[in-house]
Amino acid sequence: MFVPCDHGGGPASSDFAGFTLLVPAVSVGNVGQLAIDLVISTLDMTKVGYFYTDCLVPMVGNNPYATAEENSAELSINAEVYSLPSRKLVVLQIRSPFIKSKYRPFSQALLSWVQTSKCARVILLSSSHAYQRDDEQLFGTPLRYLLTPALEKSMEGLMQGLKWKEMEKVAAYPGINDTEKVLHIPGGGITKLLFTECCSKEIQMAVLLKFCSEGDNIPDAFALVNYLNEWLQLIKSESSNSTATSSQWKIPSSWRLLFGSGLPPALF
């Protein structure tokens, strides 16, 4: 359930008619969440509300996008909504894991909000285990996309122009029956469920994902957000070089503690 803030610079209600909703999948390496961090920080998006749910582990912390001591003490919770009306963009950032067996209730609540808020489309940023790719997925770029039938018709030409690679289906029973293909996203968290639900509800949804491994996933986040930027043009790319484009994203202050706060000097 969306709960608006008492202050903020976006829609005062849950009406985001015509907006694009960005959502991270809590997946391997937290790549989607890191990519969302870069979008919110770079575009200086305004927090307009919270997504109240009992499907996520409770969490509270300081402002992850603090720019000065004055706003560093602002509290953040496990699911918050940010908006940029000038770009018709709304973002749901998720900061904690799902409670076991709560994937489906969360999916239902999220898609209910998408429909009542009149969002035009949903883009899910996700990731999948690199070590579980099949032979076909080992070739070319580690980035993939999926489109629901409701979105596919209007996006087909664009995807061909971008030369993106669609997520391959894999054999349901490898070595036994290789003709029956299924969508398999190991490590993708809620990705497959949410995509399947959007297909059945005729919701316009795209999944952008990257094959990766656990570790320092900052480079994966930059790769995924650059992939998203090829489509949405959230920032102007001054170069076709991905490294040059990555330098244009603003790293949030919270990333300084991504791997902990360091060793206390008292130990030495």
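The exercises below work through a predicted model.

**Exercise 1. Place strand 8 among its neighbours.**
Which strands pair with strand 8, and in what sense?

Solution.
- Step 1. Start with strand 2, residues 20-24. Strand 2 pairs with strand 8 in the parallel sense, over 5 bridges.
- Step 2. Fix the register on this side. Pro-24 has Leu-125 of strand 8 as its bridge partner.
- Step 3. Turn to strand 12, residues 205-212. Strand 12 also runs parallel to strand 8, and 8 bridges join the two.
- Step 4. Fix the register here too. Ile-123 has Ala-206 of strand 12 as its bridge partner.
- Step 5. Check burial. Strand 8 covers residues 121-129, and 8 of these 9 residues are buried, so the strand is largely enclosed by the rest of the structure.

**Exercise 2. Describe helix 5 and what packs over it.**
Which residues of helix 5 are buried? What covers them?

Solution.
- Step 1. Take the helix as residues 191-200. Its buried residues are Thr-191, Leu-193, Leu-194, Phe-195, Glu-197 and Cys-198.
- Step 2. List the cover. It includes helix 3 (103-116), strand 8, strand 9 (143-147) and strand 12.
- Step 3. Look just past the helix. Glu-202 has a positive phi of about 55° there.

**Exercise 3. Decide the state of the cysteines.**
How many disulfides does the model contain?

Solution.
- Step 1. Recall the bond. A disulfide covalently links the sulfur atoms of two cysteines.
- Step 2. Apply the cut-off: the two sulfur atoms must lie within 2.5 Å. The count is 0 disulfides.
- Step 3. Test Cys-119. Its nearest cysteine sulfur belongs to Cys-198, 11 Å away, and Cys-119 is in no disulfide.
- Step 4. Test Cys-198. Its nearest cysteine sulfur is that of Cys-199, at 7.2 Å, and Cys-198 is in no disulfide either.
- Step 5. Add burial, which requires under 20% relative accessible area. Cys-119 is buried at 12%. Cys-198 is buried at 0%.

**Exercise 4. Characterise the largest pocket.**
What lines the largest pocket, and which residues lie nearest its centre?

Solution.
- Step 1. Give the volume: about 570 Å³.
- Step 2. Count the lining. It has 28 residues, and those nearest the centre are Leu-34, Asp-37, Ser-254, Trp-255 and Leu-258.
- Step 3. Sort by type. The lining holds 10 nonpolar, 13 polar and 5 charged residues.
- Step 4. Assign elements. Helix 1 (31-43), strand 4 (60-62) and strand 7 (89-94) each give at least two lining residues. Helix 1 has the largest share, with 3 residues.

Definitions and conventions
Residues numbered from 1 in each chain as written. Predicted model: local features only at pLDDT ≥ 70, side-chain atom pairs only at ≥ 80, totals over all residues. Heavy atoms only, no water. Buried < 20%, exposed > 50% of the residue type's maximum accessible area, 1.4 Å probe, protein only. Helix = DSSP H or I, 4+ residues; strand = E, 2+ residues; numbered from the N terminus. Pairing = 2+ DSSP bridges. 1 Å grid on protein atoms, 1.4 Å probe; cavity = no way out; pocket = protein on both sides within 12 Å on 5 of 7 lines; lining within 4 Å. Points joined across faces, edges and corners; volume = space filled by probe spheres on them. Nonpolar A, V, L, I, M, F, W, Y, C, P; charged D, E, K, R; others polar. Contact = heavy atoms within 4.5 Å.
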